[in-house]
Each structure stands twice: as C-alpha cells, then as structure tokens.
Amino acid sequence: MRQEQVSLWKIFGVFAKIGAFTIGGGYAMIPLIEAEMNRRGWLSSEELPDIIALAQSAPGVLAVNVAIFAGYRLRGFKGTLAATFGTILPSFLIILAIAMFMTHFQDNPVVVRIFKGIRPVVVSLIAVPMINMARRNNRSWWAWCISAATLLLVAFLDVSPIYILLTIIVLAFSITWLRERRKN
C-alpha cells in the first residue's frame, strides 16, 4: 500500500487497538502488530523483523519504537506521531485508571489471583513471536546454533547480551575479512 493511501486516523486507531488490548508490553504486542500490519497490507512479513531489530537497538520502549518505525514507514513523520500516540494513549489511560482505583482492590484475593493467572499468558504472548521470528530468520544450521547458544548463555548463565553481540560482531568481521583476504 502506498504511503499516501493510509489515513493518519486509521494508523492511530490500529495502534490504539493494539495498545489497548495487549497485556505484557512490547514483546506481547509483536503478534498483534504483525497480524494487523499483514492483514492490512501495510508491512510485509519480511519487513517486520527488520523493524523489530531496529526498535530493539534504539533506546526506549520496544512497542513505542516499533510504532515509530512502522508509522514512519507508512506516512513519514506524521505517521510516526499517529502510531506513537495510538500506542501510548490507551496504556496511559489504563494505568491512570488503575492508579486511581487499584489502591482499594490491591489486596483483594480475586484481583491477586487474576494477575497471577495473567502471567503465563503474557509469557506465551512473548514466546510465540520470538519462536516465529527464529523460524523465519534462522535459515542455516549455524544461525540455529547461534540462537540456541545465545538463549543458553543469557537465560541460564546470566551472560550479558552486550558481550554476545560484541563477540558476534567481531567474529563476523573476522570471517568476512579472512574470506576477502583469501579471494585476493
């Protein structure tokens, strides 16, 4: 779809719907963003992983960063504003309402059980898009090895992702340099 054809109100409305109905933050929003963008033909399934990678590398909240990049892709700066406000406004209003009324119910056993019940759902909402991205982007055995090793190092050995990224960058640069040197 061309950038001029997508209305700013439609961008705002789609991202407001995503922001209003997502529990768990940025990673939990990814499947909804992907479904909405693909269904409307706004972004291809190949573009979204690139936007997510850019959003993760930028400082700030993942969901807002994805909205910024997707909105920019759709309508430039105005699309960025529409998508960002659409993503932020529902969460802001919900948090404001919770802050106003939750103090009366925070120790209520039913409310405590509801929040404990939501936790596994949030975990699965985060896991599904990560698994889908891994399946789409890991097209070789070494990419799967890198993903598995990174998961093990970060999840079980508490290795900082920064060290892993720096190591991969150095390895990729070294391999590329050696290949180029062999060609010459």
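How many salt bridges does a search of the whole structure find? The search returns 6 salt bridges. Please keep in mind while reading that this is a predicted model.

## Salt bridges between distant parts of the chain

Let us begin with E34 and R136, whose side chains meet in a salt bridge at 3.0 Å, N to O. This pair links distant parts of the chain, with E34 in helix α2 (residues 26-40) and R136 in helix α5 (residues 109-137), 102 residues apart. E34 counts as buried because its relative accessibility is 12%, which falls under the 20% cut-off. R136, at 26% relative accessibility, counts as partly exposed.

R73 and E47 also meet through their side chains in a salt bridge, here at 2.9 Å, N to O. Again distant parts of the chain are linked: R73 sits in helix α4 and E47 in helix α3 (residues 47-57), with their positions 26 residues apart in sequence. R73 is partly exposed at 30% relative accessibility, and E47 is partly exposed at 25%.

## A salt-bridge network around helix α2

Which residues are linked with E36 and R39 in a network of salt bridges? They are K17 and R40. Within this group, R39 forms a salt bridge with E36, and the closest N and O atoms are 3.1 Å apart. Since R39 and E36 are 3 residues apart in helix α2, about one helical turn separates them.

Is R39 buried or exposed? R39 is exposed, because its relative accessible area of 57% is over the 50% cut-off. Its partner E36 is buried, with a relative accessible area of 10%.

## Helix α1

Helix α1 covers residues 8-20, and its length works out nicely. Its 13 residues, at 1.5 Å a residue, should span 18 Å, and the end C-alpha atoms are indeed 18 Å apart, so the two values agree. The buried residues in α1 include I11, V14 and F15, and A16, I18 and G19 are buried there as well.

## N65 in helix α4

Helix α4 runs over residues 62-101, and N65 is found in it. N65 is buried, as its relative accessible area is 7%. The side chain of N65 reaches the backbone oxygen of A55 at 3.0 Å.

What else does N65 touch, once its neighbours within four places in sequence are left aside? Besides A55, N65 is in contact with A58, P59 and G60.

## A nonpolar surface patch, and I175

A nonpolar patch of about 770 Å² lies on the surface. I88, L89, F92 and L93 are among the residues that make it, and L96, M100, F101 and F105 belong to it too. One of these residues, L89, lies in helix α4. L89 counts as partly exposed because its relative accessibility is 38%, which lies between the cut-offs of 20% and 50%.

Where is I175 placed? I175 is in helix α7, which takes in residues 161-183. I175 is partly exposed, with a relative accessible area of 42%. Looking from I175 to I88, a member of the patch, the two are 87 residues apart in sequence and 42 Å apart in space, C-alpha to C-alpha.

How values were computed. Residues numbered from 1 in each chain as written. Predicted model: local features only at pLDDT ≥ 70, side-chain atom pairs only at ≥ 80, totals over all residues. Heavy atoms only, no water. Helix = DSSP H or I, 4+ residues; strand = E, 2+ residues; numbered from the N terminus. Buried < 20%, exposed > 50% of the residue type's maximum accessible area, 1.4 Å probe, protein only. Polar contact = N/O pair within 3.5 Å; in protein donor to acceptor, adjacent residues only side chain to side chain. Contact = heavy atoms within 4.5 Å. Patch = residues over 30% accessible without salt bridge, like charges linked within 9 Å, V, L, I, M, F, W, Y side chains within 5 Å. Areas by Shrake-Rupley, 256 points an atom, 1.4 Å probe, with all protein chains shown as cover. Salt bridge = Lys/Arg side-chain N within 4 Å of Asp/Glu carboxyl O. Expected span 1.5 Å × (residues − 1).
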